[in-house]
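Colleague: I am new to reading protein models and would love a close look at a single part. Could you pick one strand and walk me through what surrounds it?

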Amino acid sequence: MERTISVLVNDRPGVLARIAGMFSRRGFNIASITVGTAEEEGLSRMTIVSSGDDAMALQMVAQLQKLIDVIEVHDISREQTVKRELALVKVRITKTTRPEIAHILEPFRVSIVDVGHASLTVQVTGDVQKIDALIGLLRPFGVTEIARTGVTALLRSGVLESGFAGADTPYRPLIEAEATNDDDLFETERE
Amino acid sequence: MYGSSDAAAPAAAREFVDQMNAGMVRTGADLLCSLLQQAGVDVIFGYPGGAVLPIYDALYSSSLRHILTRHEQGAIHAAEGYARVTGRPGVVLATSGPGATNLVTGIADAYMDSTPLVVLTGQVVTESIGRDAFQEADIVGITMPITKHNYQVRDIDTLPQVIADAFHIATSGRPGPVLIDLPKSVTSGPARDAVLPAPDARGYRVPGHPSDEALTAIQDAIRQARKPLLYVGGGIISAGAAETLRRFARVNQIPVTSTLLGLGGFPAHDELFVGMLGMHGTYAANQAITNCDLLIALGVRFDDRVTGKLQRFSPHSKKIHVDIDPAEIGKNVPVDIAVVADVGLTLQALLTDRLSADTGEWRAQIAAWEAEWPLRYRADDTCLKPQAVIELIAQRTRGEAIVTTEVGQHQMWAALFYPFSEPRKFVTSGGLGTMGYGFPSALGAQVALPGETVVCIAGDASFQMNIQELQTMVDYALPVKIAVINNRFLGMVRQWQQFFYDRRYAESRISSPDFVKVANAYGVLGLRAATFDEAKVAIEQAFAHEGPVVIDFVVLEEENVFPMVPPGKGTDEMTLEWEG
Ligand SMILES: Cc1ncc(C[n+]2csc(CCOP(=O)(O)OP(=O)(O)O)c2C)c(N)n1
């Protein structure tokens, strides 16, 4: 299944290389990765979208946690999250297609950020499905360029707020992650 | 005092003088030496070069001991040997570029075997980094996957914290190598002396006590078990938990099997010891792991050399895994009770009650397996058997020596036939299987513990991988006894070719120089033995001799290590003897 992992890291040179290197070395795929400054100075938040079964997801989290520059890790795949991606899409226009395109764009609440004689560029924000849907609708007109940011995500308010381990929380979240469908924290189903 | 008013002085020099007047009276390298000493370092294994000249200059007037090897690989394996026998971090120093890249094998080795190291590399001046400068190599990038953590110090003010964190990270939790890359401009630039701060690595947490839930789960499982087995590894040794393990096993009468790296973590002579398990494990150990109903895995990582084919690994058991590294749990084998904690503290907490139901029947079954196929080899009067050499050395040293090995058949024979009774006596490259490790690691062990008997059991081929360190041994008068098990082959490679490639010995026959003459050329006593009686005499002579000795044991060429679990087979599918 698709995995979304939120990682709080030190904003230091090489951190992205450490994380990307670990993922490729251990055969975890990266569908997208976004990085930006986090709430606290000196830290960045990364959102990694990957895929894998529960055992693999547990390994991803554990291997991430082992990196010294990683402050917190959380597999938020099964949590209530706000996930957003931004895309810029350049589409061909002609006099005849222009109104038709404008009509398509309307319900997506996009911004038109650049207009030329032969093309226009729209900026769309939303979840992945919404962006995929818009691109699908624009394709027949000739989509010439796409730039997508990749998904960034946060837990919804009130959800598992204590789940983001503080500095002195022991390694419990790792085991809890597996225990979501099991009452006993330490008993895990064998395959 | 330094004058700062000389207008003719170049700006940089004036700035330096100003800084010195402001109390920054030392160089970065001096600060480094001071911090290393504050961190408890007494010896550094290294090799100089351009980018570390400032550090060597500081060492020149420092009381830190420096061991000059003949190759950086020798230095890092020596540091590993030092770390393995003491539990303290080994410290290595090498120059940038080729000096740093020569360390890579040792860093990977230490990473695989969880050996604490602090590796210091020189780097080109900060302004040149990234410009392919002379002797520039991106050692931080190269070693990212094989270090627990690494640093490049671009600002001298960060050095005290980096040193404090590096030692803390290298030695705590699951130990490992930490590398610190030091640009020459930083070590030659000015620095204030500083007190070593407390470690402060925010993202780094070390598990300690197990939770009560975990303890209860373990206790219940042990109470219910009829056929429990303790499967212990290097984690027992790094946690300093050997004594607690011994008590726990005895109180509950639970048999113990050990990995290669765990040998010495439980006394070989103890009735409860079943021997090493895995590819070259004993028949009884592999039968026990296949048939147990409760597997208590402590400080181990379910390596493929231990488990064999995963589907056949311990199929009837409930599995408890206690390890300090959460990433090891469930990595290779799914477990029923996962405990991220210090194994020593866990065992300690479990010692309060006697837990086991009667294990008498189970122990009798194991004893029957031991009787059915004990560890053995065919004695032969017409030639010298490698296993006999190990037994003779074990007898002469009463099983009390520090034994290091190279990699190959001789390593397995040392593991099987030398009875280790204490932790930190067996130094071998397990995870990476590094030929060339054994001899330099013996030197490091002897540097650390000058009063101990240190024996290196080497293969004729492996010994040649770092044979240049003979001169290091001589320089520092290290009385290591080197036993070369000389079979004129890359024996382990040959064994696989015999079994799996129809005896097509492609490039596995290997020649050697006359090891006695080589030893003599270095001013070292060299002995040779080609029969059992000669071996006895040579061993007696070697251990009576005060200095280092090289003994060339000319052994039977085509001897094989048994039992053997062929690759891809289950631990119960051992080949016990070669019938082909
Ligand atoms: C650096 C390195 N290169 C290659 C190997 C592969 N290898 C494993 S055992 C072995 C043969 C070792 O021969 P020797 O040291 O004579 O020991 P023996 O097996 O004969 O006891 C080789 C080549 C290795 N482990 N390490």
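Modeller: Happily! Let us take S9(B), where both faces are covered: Pro228(B), Leu230(B) and Val232(B) sit on one side, Leu229(B) and Tyr231(B) sit on the other, and all of them are buried. Please keep in mind that this is a predicted model. The strand spans residues 228–232 of chain B, and the count of buried residues is 5 of 5, so S9(B) is mostly covered. In this setting, a residue is called buried because its relative accessible area is under 20%.

Now look at what lies beside the strand. S9(B) pairs with S12(B) in the parallel sense, over 5 bridges. You can follow this pairing residue by residue: Pro228(B) stands opposite Leu294(B) in S12(B), and Leu229(B) has Leu295(B) of S12(B) as its bridge partner.

S9(B) has another partner too. Strand S10, residues 256–258 of chain B, runs parallel to S9(B) and is joined to it by 3 bridges. Here you can find Val232(B) standing opposite Ser258(B) in S10(B).

Next, let us step across to S12(B), which covers residues 294–298 of chain B. This strand is also mostly covered, with 5 of its 5 residues buried. Its side chains again go two ways: Leu294(B), Ile296(B) and Leu298(B) point one way, Leu295(B) and Ala297(B) point the other way, and all are buried.

From S12(B) we can go on to S13(B), made of residues 318–323. The two strands run parallel and are joined by 5 bridges. Leu294(B) is a handy residue to click on here, with Lys318(B) as its bridge partner in S13(B) and Pro228(B) opposite it in S9(B). Tracing the pairings, then, you can move from S10(B) to S9(B), from S9(B) to S12(B), and from S12(B) to S13(B).

While you are in this stretch of chain B, you could also select Cys292(B). With a relative accessible area of 0%, Cys292(B) is buried, because the cut-off for buried is under 20%. Elsewhere in the chain, Cys33(B) has a relative accessibility of 4%, so Cys33(B) counts as buried as well. A disulfide is a covalent bond between the sulfur atoms of two cysteines. The structure holds 0 disulfides over all chains, so you will not find such a bond at either of these cysteines.

Note on methods
Residues are numbered from 1 along each chain as its sequence is written. Chains are lettered from A and ligands numbered from 1 in the order in which they are written. This is a predicted model: local features need pLDDT of at least 70, side-chain atom pairs count only at pLDDT 80 or more; totals for chains, interfaces and linings use all residues. Side-chain values use heavy atoms; hydrogens and water are left out. A disulfide is a pair of cysteine sulfur atoms within 2.5 Å. Buried means under 20% relative accessible area, exposed over 50%, partly exposed in between (1.4 Å probe, protein chains only). Helices (H or I, at least four residues) and strands (E, at least two) are DSSP runs, numbered from the N terminus. Two strands pair if DSSP finds at least two bridges between them.
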